[in-house]
Amino acid sequence: MLTLVQQLINGLTLGCLFGLVAIGYTMVYGILLLINFAHCDIFMMSMYFAFYSISVFYLPWYVSLVLAILGTALLGVLLERVAYRPLRTAPRTSVLISAVGSSYLLENLGIVLFGAVAKSFPTVDYLQEMVTIAGLRIQRLAFFVIITMIVLVGALLYIVNKTKVGIAMRAVSRDFETSKLMGVNINLTISITFAIGSGLAAVGGFMWGLRYPQITPLVGAMPGLKCFIAAVIGGIGSIKGAIMGGLILGVMEIMIVYLFPSASGYRDVFAFIALILILCIKPTGLFGEELSDKA
Amino acid sequence: MKKFLCAALSLVMILSLAACGGGNGGSSSAGNTGGSDGASGDTIKVGVFEAMTGGNAAAGELELEGFRLANTIRPTVTIDGVEHPVELVVADNKTDTVEAVTAAASLVSAGCVAAMGGTGSGLCIAAAPTFDEAKIPVVGTTCTNPLVTEGNTYYFRLCYTDPGQGSILATYAKDTLGAKTAAILCDITDAYCIGLAEYFKANFGEENIVEELYFNTGDQDFSAALTTIAAANPDVVFSGSQYTEGALMQVQAEQQGLDLTFLGTDGWETETFLDIGGSAVDGCAFVTFFDADADPTPESEQYLKDYDSVYGGKPRSSYTAVSYDAYNVLLDAIEACNSVDGETLRDQLYKTSKDCVTGHIEFDDNGDAIKDIAYLKSAKDGQFTFGGIAALSN
């Protein structure tokens, strides 16, 4: 029983991390109908930002987290500016190719700038400490991850549903041309979307680094794919869907290892099977609508 | 603005292409750093088949350090009285079995007369047929799986093999640690790890394995597997893993407050393992090829002196010693047979009998060095510690 609860917590922690990064995929898709394949590398870059500000500039972790968020948001905006905006009127395939290209560019840039050898992500003692609850030993980090996710998603849903920027985002995602005619600043709205998505990826990256303290320029590849799967499972374009998709995928992965230890080597396979199944049975995902809007 | 952007972007593109190119075609010239005084003959090209990027990059870098060290100390080879400078040609196998074949082919087409290297048996197994076909002898370094040399008559190997490593670990667990039960957590995508796990299991007794789980190279989350293992409460955990995954799983075991004793592989012996692992890897144990703290031999003293004079300080890993040996074994063979012809050189390599840094080296019919000892290592306070010498019963 204790093991089961422990496994559930493992799954929820992993799922929250998936969810935070999946939001970036889903927001960009919602607004541009583009699967931003470079998102996983933005996630990777955020870990290096945090790594350098802690290990090289000796900043406290919370300052580094803020810097990483800002830096990554800026990178996301920049990426959109140079790789996607010039292709705004181009066929969708061109933008997709540009996204794949940007992904490789960032990875190789990472190898040149940071080196291919794995670096050790710094530890934060406070978050790494253990708490004992009813016989369960849980790391404070697990709570931190779950609470951060709830707070951030709450804030995000507020922004998207209640603020002017959010209304603009939803308008743009519904109809590009009409919202332009109505005086919505399309470029600004898209930039903000990228900034928010990348910022959340930075939070996810930071906590990912604390939990799995090893970073390489290719560290984003597999988590990126998983988060993309999470976004699709939840219904790409839907923020709630991204979170639910992340949680489902996270808990599913952990439970497969727990319940079928002999199949544990194939956990990635199950994630991809889930992707294929959902695309066959319910392509709009669990929470997506036919005409997907935000949230 | 647009023009500038265009120019900047194309520059970035070119840079990234250059970054890919370094590994892709995979043959960049390196080495020949030593002076070529008195070297009048043609340059002899020797291939270095290593992982420069990907999961094994840190180990590959360490081995390259050993090749370069030996090349600096001994920059030429004498054939029929003519001194030829030796040039190292490095090919990056990217820790990928497909890229490994490409890397081997690039060494062949670069005109290498022989090659050295290989961390990660899976990569060497993939590349071996390419070398065999081109009749290029390869002196393998730390690729421990039997299949690397089996059936490949041009592949030699300096290190012990996995059956030996597996039996030492099993004996160590049973006799020294007094373990009765063990769990296995093994990389299912790495031939080296699977092989080692099998040998460990055979020697430890299959009935004493309480839990057996698998993961893939590059996996980062081990929380589920560790929780399952901890519930079975084994005395030791055999971790069939390379250094990144090995270190990560121990960090996560510590995060979860699990008290597990990890036995690992010689793939762990890198600084990155200590960096990532931190205090979590204290008390782990694995088998390795050489230890600078063991009783010195004339060869090991010379090696440590050479290392200190070129890089300063003590070697960071035993990998460097193996690759240093590989270079010298190969050059000795070339000088002994006065030829760089693939077949002649291979036959000469079989006749090798040489005291090396990592022990006396003679090859058996398979091309495997006949080894009788291995070194046990552990970690404490961010350092590797010498854990004694174990006898090998191959």
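A polar contact is a pair of N or O atoms within 3.5 Å, where, within protein, one atom must be able to donate a hydrogen and the other to accept it. This tour of a predicted model uses that term at the boundary between two domains of chain B.

**Stop 1: the two domains.** Select residues 27–160 together with 297–363 of chain B; these form domain 1. Next, select 162–288 together with 375–391 of chain B, which form domain 2. The centres of domain 1 and domain 2 of chain B, taken over C-alpha atoms, are separated by 29 Å.

**Stop 2: the interface.** Turn to the region where the two selections meet. Here 18 residues of domain 1 of chain B are in contact with 18 residues of domain 2 of chain B. Between them, the two domains bury about 1,400 Å², of which 46% lies on carbon and sulfur atoms.

**Stop 3: polar links.** Across this interface of chain B there are 11 residue pairs in polar contact, with both residues at pLDDT 80 or more. The interface also contains 1 salt bridge. To view a salt bridge, select B:Arg316 and B:Glu271 and display their side chains, which meet at 3.2 Å, N to O.

**Stop 4: the domain 1 side.** Select helix H2 (57–73), helix H4 (121–133) and helix H11 (318–337) of chain B; each supplies at least two residues of the side of domain 1 that touches domain 2. Which helix gives the largest share of that side? It is H2(B), with 4 residues. Finally, colour the domain 1 side of the interface in chain B by residue class: its residues divide into 8 nonpolar, 9 polar and 1 charged.

Key
Residues numbered from 1 in each chain as written. Chains lettered and ligands numbered in written order. Predicted model: local features only at pLDDT ≥ 70, side-chain atom pairs only at ≥ 80, totals over all residues. Heavy atoms only, no water. Domains from an automatic or database assignment. Contact = heavy atoms within 4.5 Å. Buried area = accessible area lost by both parts, 1.4 Å probe. Salt bridge = Lys/Arg side-chain N within 4 Å of Asp/Glu carboxyl O. Polar contact = N/O pair within 3.5 Å; in protein donor to acceptor, adjacent residues only side chain to side chain. Nonpolar A, V, L, I, M, F, W, Y, C, P; charged D, E, K, R; others polar.
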